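Hi,

Here's the structure I promised to pass along. Have a look first, and my notes on a helix and the pockets follow below.

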Amino acid sequence: MDLQADILDHYFMAEAMRLANRAYDEGEIPVGALVVIGERVIGKGYNQTEKLRDVTAHAEMLAITAASDYLGGKYLQDCTLYVTLEPCVMCAGALYWSQMKRIVVGAQDEKRGFHRFGKGILHPKTQLTTGIMEEESKALLLKFFKALRT
């Protein structure tokens, strides 16, 4: 990866982390997501399953919907999703159908992440980058779940 792409990945992941912190502040599992085309954010979301009382209101799903609305179509073939936590199988399915060009993930989700089913759950043309701001994402998630247990 070239330096410019690496800088952009960190910039947009930092934006996704801001959304994850918003989720945290609202008592939601702290995950944030952005959909970017070129260098423009066209969709964003953070987990809102409690607020909306909707099990599908994951950060990725909300960002995909916003991006599709912005573009006026269901395919996101020229877009990149930045997400602080590895998508679950439901979100990976939506990413498959949207034909997302690229997915950039912060931390892996060892228990519920799509990787348990292999990269084949994503669209064959989707490029995957992992580990961008991984430590920051993990730290926020650990802080959230530790507070729940105390």
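**Helix α3 and two pockets**

Right after α3 comes Gly 72, with a positive phi near 75°. Bear in mind that this is a predicted model.

The helix itself runs over residues 59-71. With 13 residues at 1.5 Å a residue, α3 should span 18 Å, and its end C-alpha atoms are indeed 18 Å apart, so the two agree. The buried residues in α3 are Ala 59, Glu 60, Met 61, Ala 63, Ile 64, Ala 67 and Ser 68. Their cover includes the strands β1, β2 (40-46) and β3, along with α4 (89-98).

Now the pockets. The largest has about 770 Å³ of space. It is lined by 24 residues, and Leu 85, Asp 109, Arg 112, Leu 141 and Phe 145 are the closest to its centre. Helix α5 (residues 134-149) contributes the most to that lining, seven residues. By class, the lining of the largest pocket splits into 11 charged, nine nonpolar and four polar residues.

The second largest pocket has a volume of about 220 Å³. Sixteen residues line it, and Leu 8, Gly 38, Thr 80, Tyr 82 and Arg 102 lie nearest its centre. At least two lining residues come from each of α1 (3-25), β1 (32-37) and β3 (79-85), with α1 giving the largest share at five. Here the classes are six nonpolar, six charged and four polar.

β1 and β3 turn up twice, then: they help cover the buried residues of α3 and also supply lining to the second largest pocket.

Cheers

Notes
Residues are numbered from 1 along each chain as its sequence is written. This is a predicted model: local features need pLDDT of at least 70, side-chain atom pairs count only at pLDDT 80 or more; totals for chains, interfaces and linings use all residues. Side-chain values use heavy atoms; hydrogens and water are left out. On a 1 Å grid over the protein atoms alone, a cavity is a set of points where a 1.4 Å probe fits but cannot get out, and a pocket is an open set with protein on both sides within 12 Å along at least five of seven lines; lining residues have an atom within 4 Å of a point. Grid points are joined across faces, edges and corners, and a volume is the space filled by probe spheres set on the points. Helices (H or I, at least four residues) and strands (E, at least two) are DSSP runs, numbered from the N terminus. Ala, Val, Leu, Ile, Met, Phe, Trp, Tyr, Cys and Pro count as nonpolar, Asp, Glu, Lys and Arg as charged, and the others, Gly among them, as polar. The expected span of a helix is 1.5 Å times one less than its number of residues. Buried means under 20% relative accessible area, exposed over 50%, partly exposed in between (1.4 Å probe, protein chains only). Contact means heavy atoms within 4.5 Å.
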